[in-house]
Structures are given as structure tokens and as C-alpha cells.
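Please open the model in your viewer and keep the selection tool at hand. The tour below proceeds one selection at a time.

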Amino acid sequence: MQLLGRQISQAVPTKAGRRSVAVPPTKRGHGARSLVVVASLTRRPEDEVMAGKLLMNSMDDEAASSGAVVKPYRAAPRDALRMGLPSKGRMAEDTQQLLKDCALSVYKPNPRQYVAKIPQIPGLEVWFQRASDVVRKLRYGDIDLGIVGADMFAELADGDEDLVVCHEALGFGQCHLALGVPMTGKFADVTSLDKLRAMPDWTAESPLRVVTGYHNIAKRFFAQNGFKHVVLLSADGALEAAPAMGSADIILDLSICGAARTRRYTYPHVARAGGTF
């Protein structure tokens, strides 16, 4: 898990009036980044039948094909700082527990409302959002800081110099992004990334079909590891079913604590695509 903040320069009230506060950028340690597009990616005939969505340039429509971050609008002026927190699931529970351990209790009178406050920090608004929207709204300037997984940051914030990582190890939500490969059929002997890449099946006419929700990470990963013929397909859940249905060859998804999610797939024995999140 990571604590993200938005680089801001705004007026902050003081007893004597208002003063301007600028938050400087920090080095994230990822080095120079560039968007790599594999030119040989093609669509199989059966993908036309299943209406598979191929995302070759960027997962977000708001990003240009060059990889530059597009600011679609200017955020409305406001006085209060805003913090985005995950709204559902284990991540939401662990995030609120972390704040409680820090003597920062989130006060939300109505469990259905999206806005809350932390009484110990006057002037701070807390907004509950999907993890992906925490990153997006940081980019747009609708919120100023948030808690989100490193997977969402790597997928959605790449290239935005206004986003800085304030703390990159909050101590919960450990998992890693990995490839899931069937353990039967032509993949029975595939136990490493080298063996997967060396399979003669992957050509311009018959590329490796990968279903994932992490297209930006996947494009960088496969390009950096020498895969020349790859198609990325989209799905929102139950990715493990795609190879069994014949609509994909392998999957790329989060694996909790390095464990395989089903017996049909082996995650850590193939590749870690994005490190520990």
C-alpha cells in the first residue's frame, strides 16, 4: 500500500491571514519512463467473435497515444484539503484501521455517504472512492492526497509529475502482480518466463492473448521482457475463466501473498510482473 499526495501550491489560513504553501516534488526512484507500444500486436479471428477489446496505447481514454497525461479540466476552487480513501473491501477496512492506530478516527455519521471528516485534522475532507478513482481524482486535482495500492499508482499515474509518493510502505495489503498460466495442455511444461516466451505458438498471426485489468503495466512488462507478439484483452473479474473458455491464453492479475488463486494456475513460478503491491 502507498500513501499518495498531489503536488499543490495553495493558500493556507493562518492567524495573520493567508500564506502560500508549495509541496516540492520528490524522486520516486523509478527512473525515466516512456511508453512502449508493441507494433506487432494483432487481433485473432476468434477475438472478433468475442468482441475482445484491444488497448494498444493506453488504458485510459484521457491519455494521449504519446503517453502524456492529459488534464481534462481545471478543478473547482476550494479552501479545504481533500483526502481520498478506498470505499469498499479489505483495503477500506485496513485503511481505516491504520488511521485509527494513528489516533485519527474517520467520522462518517451515515454509512452510505461518501464524505466524512477526521476530527483531529480540522479543515480536512475525507472522500470515499474506488481505488482507481483515488488516483484519477488526484490527477484531476479533485483531491489532494489519498491512500491506494501501488498497483493502481503504477497503472494509472504513470507520467504525471504532479503526483508524489509520500510513503510507499504502509504495512498492509501485501500482494504481487503475476502471470497466471494453465498447468495443463501445451502449458504443462511452462514453469518460467523464458519458457513462455520461447513457445513457438506466438506469431504475428497468432499472438499470445493475455487478459488483464492492468494494460499499462502489461505493455511495459512484455516489452521489457522481449515478447513480440502479444494481445491484451479486458475483463473486470473472474479472469481465471478466460483460458478455460478459450478466449485467452494466460492471465495477468494480483496474487495475494504469492499464493495461487486456483489449482489450475501457477503464479509465482512464471513471473512477477510488477513487484510487491
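What follows is a walk through a predicted model, from its nonpolar cores to its salt bridges and one backbone feature.

Begin by selecting Leu196 and Phe222, which touch the most other members of the largest nonpolar core, a set of 36 residues. Colouring domain 1 (13-24 + 175-256) and domain 2 (35-41 + 75-168) separately is useful here, because both give residues to this core, which therefore lies between them. Then select Leu99, Val106, Val126 and Phe128, which are among the 13 residues of another core, lying apart from that one.

Turn next to the charged pairs, for the whole structure contains 7 salt bridges. Select Asp144 and Arg78, whose closest N and O atoms are 2.8 Å apart; Asp144 sits in the loop between α3 (131-140) and β7 (145-148) and Arg78 in the loop between α1 (45-50) and β4 (81-86), so the pair ties together parts 66 residues apart in sequence. Asp144 counts as buried at 6% relative accessibility, whereas Arg78, at 26%, counts as partly exposed.

Move on to Glu125 and Arg82, which form a salt bridge at 3.0 Å, N to O, and which belong to strands β6 (residues 124-129) and β4, so that parts 43 residues apart in sequence are tied together. Glu125 is partly exposed at 26%, and Arg82 is partly exposed at 22%.

Select Arg209 and Asp249 for a further salt bridge, at 3.3 Å from N to O; Arg209 is buried, with 5% relative accessible area, and Asp249 is buried, with 6%.

Finish at Ala103, in the loop between α2 (89-101) and β5 (115-117), where a residue that is not a glycine has a positive phi of about 60 degrees. Ala103 counts as exposed, at 52% relative accessibility.

Key:
Residues are numbered from 1 along each chain as its sequence is written. This is a predicted model: local features need pLDDT of at least 70, side-chain atom pairs count only at pLDDT 80 or more; totals for chains, interfaces and linings use all residues. Side-chain values use heavy atoms; hydrogens and water are left out. A nonpolar core is a set of buried Ala, Val, Leu, Ile, Met, Phe, Trp, Tyr and Cys residues joined through side-chain atoms within 4.5 Å. Buried means under 20% relative accessible area, exposed over 50%, partly exposed in between (1.4 Å probe, protein chains only). Domain bounds come from an automatic or database domain assignment. Helices (H or I, at least four residues) and strands (E, at least two) are DSSP runs, numbered from the N terminus. A salt bridge is a side-chain nitrogen of Lys or Arg within 4 Å of a carboxyl oxygen of Asp or Glu.
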